[in-house]
Amino acid sequence: VLVDTGASQSFSAAPGAVSYRWVLDGETVGTGLTHLYTPQPRDVGTHWLRVEETYPNGSTLTREWTVRVRIPTPVGATILHVSPTGTTGATGSAAAPFATLEQARDAIRALPAGTKAGGVTVYLRGGIHRRTTTFALTSQDSGTPTAPITYAAYPGETPILTSTRVINAA
């Protein structure tokens, strides 16, 4: 189950049990038929939720969910793309991705303040991103809670950042 921070997700047990115990990451968080989960930004990551149901005949049943909490991309956010196949003169769009993280960082720095108001997401496209230097960010590269600057893998793709060199056999 995917839940955005600040949003709520309701989980339900099966009716008919005489008791319910909701457990999130090993800690009891409720005892009713339903549990309402509203994650905060500090909850970003993967969590495990289970309900232990006890029935009148003494039998028990446990239902489990894996809950992934994320910070949603703000509405109106600026989205940039970085790809191993990107080019230096690109615009950072999905069709013309940047070649480096530095290009994306510098493009964000150059954005007018109003453009950053909705936040900025930099998607790293799948493939091997070869690095020859460290990627440096400073305080000017920070977003705000309402306008975050996020670097993330493009959904469904796996970017790999590496500093290794390819050595071809002679």
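Strands E3 and E6 (residues 45–54) run antiparallel and are joined by 6 bridges. In this predicted model, that pair belongs to an open sheet of 5 strands with mixed pairing, ordered E1-E7-E6-E3-E4. A second open sheet, of 3 strands with parallel pairing, follows the order E8-E9-E11, and helix H1 packs on that sheet. Here is a friendly tour, starting with the five-stranded sheet and ending with the largest pocket.

**The five-stranded sheet**

- Along the E3–E6 pairing, Ser19 sits opposite Thr54 in E6.
- On its way to E4, strand E3 (residues 19–24) forms 3 bridges in an antiparallel arrangement, and Trp22 faces Gly30 of E4.
- E6 and E7 are also antiparallel, with 10 bridges between them; one bridge partnership there links Trp48 with Thr66 in E7.
- The hairpin made by E6 and E7 has 5 residues between the strands, and Gly58 adopts a positive phi near 90 degrees in that hairpin.
- The order of this open sheet is E1-E7-E6-E3-E4. Strand E1 (2–4) and strand E4 (27–30) are at the edges with a single partner strand each, so one side of each has no neighbour in the sheet.
- On average, neighbouring strands of this sheet are turned by 35 degrees against each other, direction ignored.
- As background, strands of a sheet pair through backbone hydrogen bonds, in either a parallel or an antiparallel way.

**Arg68, in strand E7**

- Arg68 belongs to strand E7 and is partly exposed, with a relative accessible area of 48%.
- Although Arg68 and Val3 are 65 residues apart along the chain, their C-alpha atoms are separated by 6.2 Å.
- Beyond residues up to four places away in sequence, Arg68 touches Val1, Leu2, Val3, Gly45 and Thr46.

**The three-stranded sheet and helix H1**

- The three strands are ordered E8-E9-E11 and pair in parallel. E8 and E11 take the edges, each with a single partner strand, so one side of each lacks a neighbour in the sheet.
- Neighbouring strands of this sheet are turned by 20 degrees against each other on average, direction ignored.
- Between E8 and E9 there are 5 bridges in the parallel sense; among these pairings, Ile79 has Thr121 of E9 as its bridge partner.
- Helix H1 packs on the sheet and touches E8, E9 and E11, with its direction at about 155 degrees to that of E8.
- Which residues of H1 (residues 101–110) are buried? They are Leu101, Glu102, Gln103, Ala104, Arg105 and Ile108.
- The cover over these buried H1 residues includes strand E8 (78–87), helix H2 (113–116), strand E9 (120–124), strand E11 (149–153) and strand E12 (159–162).

**Leu124 and Arg125**

- Leu124 lies in strand E9 and is buried, with a relative accessible area of 7%.
- Setting aside neighbours within four places in sequence, Leu124 is in contact with Val82, Leu101, His129, Tyr151, Ala152, Ala153, Tyr154, Pro159 and Leu161.
- Leu124 and Ala113 are 11 residues apart along the chain, and 23 Å separates their C-alpha atoms.
- Arg125 is located in the loop between E9 and strand E10 (127–130).
- Is Arg125 buried or exposed? Arg125 counts as buried because its relative accessible area of 18% is under the 20% cut-off.
- Outside its neighbours within four places in sequence, Arg125 is in contact with His81, Val82, Ser83, Pro84, Tyr154, Glu157 and Pro159.

**The largest pocket**

- The largest pocket holds about 350 Å³ of space.
- Its lining is made of 13 residues, and those nearest its centre are Arg68, Arg70, Ile71, Tyr123 and Ala152.
- Strand E7 (60–70), E9 and E11 each contribute at least two lining residues, with the largest share, 3 residues, coming from E11.
- By class, the lining has 8 nonpolar, 3 polar and 2 charged residues.
- Two residues met earlier return here: Arg68, one of those nearest the pocket centre, is partly exposed, while Ala152, also nearest the centre, is among the contacts of Leu124.

Definitions and conventions
Residues are numbered from 1 along each chain as its sequence is written. This is a predicted model: local features need pLDDT of at least 70, side-chain atom pairs count only at pLDDT 80 or more; totals for chains, interfaces and linings use all residues. Side-chain values use heavy atoms; hydrogens and water are left out. Buried means under 20% relative accessible area, exposed over 50%, partly exposed in between (1.4 Å probe, protein chains only). Helices (H or I, at least four residues) and strands (E, at least two) are DSSP runs, numbered from the N terminus. Contact means heavy atoms within 4.5 Å. Two strands pair if DSSP finds at least two bridges between them. Axes are lines fitted to C-alpha atoms, for helices over the stretch in contact, and angles run from 0 to 180 degrees between N-to-C directions. On a 1 Å grid over the protein atoms alone, a cavity is a set of points where a 1.4 Å probe fits but cannot get out, and a pocket is an open set with protein on both sides within 12 Å along at least five of seven lines; lining residues have an atom within 4 Å of a point. Grid points are joined across faces, edges and corners, and a volume is the space filled by probe spheres set on the points. Ala, Val, Leu, Ile, Met, Phe, Trp, Tyr, Cys and Pro count as nonpolar, Asp, Glu, Lys and Arg as charged, and the others, Gly among them, as polar.
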